[in-house]
Amino acid sequence: MFTNRKACTVYEKTAINREHIYVRHTLGAVYWQSSQGQRSGSDRIPDNGALVLIPESSAKYVPKVGDRIVDRIIGDERPPDCALTVMQVRDFRYGSPGVRHIEVTAK
């Protein structure tokens, strides 16, 4: 599978004693496709996001909806302001070994 980023960082959103915390996971090479746009209408709100394809070999952790994701390795324990929120996760780990992957949509 074609990749264009060396790694990415996923911040798993979890709760301990009703307090939201993030657990940092570093994944290997991924394909990251950014999108930029605007919603139609009078308000013209930015509608930016990303499609991230995580090859099966890089999927040490499978992101879930609500997690935060960044297109590089981040050492901080809290996600940076530029982190996107995972909106959808689809599992395509079947078929030919060369194309098995996890598909993540984030905004």
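Which strand is largely enclosed by the rest of the structure, and why? The points below start there.

1. **The enclosed strand.** The answer is strand E4, residues 49-55. Six of its seven residues are buried, so E4 is largely enclosed by the rest of the structure. Keep in mind that this is a predicted model. Buried here means under 20% relative accessible area.

2. **Partners of E4.** E4 pairs with strand E3, residues 31-35, and the two run antiparallel. Five bridges join them. To find the register, look at Tyr31, which stands opposite Leu53 in E4. E4 also pairs with strand E7, residues 101-106. That pairing is antiparallel too, over six bridges. Here Leu51 stands opposite Thr105 in E7.

3. **A general point on strands.** In a regular strand the side chains alternate between the two faces of the sheet. This is worth recalling when tracing any strand by eye.

4. **Overall make-up.** The protein has seven strands and zero helices. From the N terminus on, the elements read β-β-β-β-β-β-β. The C-alpha trace spans about 45 × 40 × 20 Å along its principal axes.

5. **The E1 and E2 hairpin.** Strand E1 covers residues 8-16. E1 pairs with strand E2, residues 19-27, in the antiparallel sense over nine bridges. Cys8 has Leu27 in E2 as its bridge partner. Two residues lie between the strands of this hairpin. Asn17 takes a positive phi there, near 50 degrees.

6. **The other partner of E1.** E1 is also joined to strand E5, residues 68-70. Three bridges link these strands, which run antiparallel. For Val10, the bridge partner in E5 is Ile69.

7. **Aromatic pairs.** How many aromatic pairs does the structure hold? There are three. In one of them, the rings of Phe2 and Tyr31 have their centres 5.8 Å apart. Their planes meet at 55 degrees, so the pair is tilted. This pair links distant parts of the chain. Phe2 sits in the segment before strand E1, while Tyr31 belongs to strand E3, and 29 residues separate them. Phe2 is exposed, with a relative accessible area of 59%. Tyr31 thus appears twice in this note: it also stands opposite Leu53 in E4.

8. **A second tilted pair.** Phe92 and Tyr94 have ring centres 6.2 Å apart. Their planes are at 55 degrees, so this pair is tilted. Is Phe92 buried or exposed? Phe92 counts as buried, at 19% relative accessibility. The cut-off is under 20%, so the value of 19% falls on the buried side. Tyr94, by contrast, is exposed, with a relative accessible area of 53%.

9. **Burial and surface.** Of the 107 residues in the protein, 34% are buried. The protein exposes about 6,700 Å². Carbon and sulfur atoms supply 48% of that area.

10. **Contacts along the chain.** Take the contacts between residues at least 6 apart in sequence. Of these, 49% join residues at least 24 apart.

11. **Charges.** The protein carries 16 positive and 12 negative charges. The mean positions of the two sets are 2 Å apart.

Technical notes. Residues are numbered from 1 along each chain as its sequence is written. This is a predicted model: local features need pLDDT of at least 70, side-chain atom pairs count only at pLDDT 80 or more; totals for chains, interfaces and linings use all residues. Side-chain values use heavy atoms; hydrogens and water are left out. Buried means under 20% relative accessible area, exposed over 50%, partly exposed in between (1.4 Å probe, protein chains only). Helices (H or I, at least four residues) and strands (E, at least two) are DSSP runs, numbered from the N terminus. Two strands pair if DSSP finds at least two bridges between them. Contact means heavy atoms within 4.5 Å. Accessible areas come from the Shrake-Rupley method with a 1.4 Å probe; for residues, only the protein chains shown count as cover. Lys and Arg count as positive and Asp and Glu as negative; His and the chain ends are not counted. The place of a charge is taken as NZ of Lys, CZ of Arg, CG of Asp or CD of Glu. Rings of Phe, Tyr and Trp (its six-membered ring) pair if their centres lie within 6.5 Å; planes under 30 degrees apart count as stacked, over 60 as edge-to-face and the rest as tilted.
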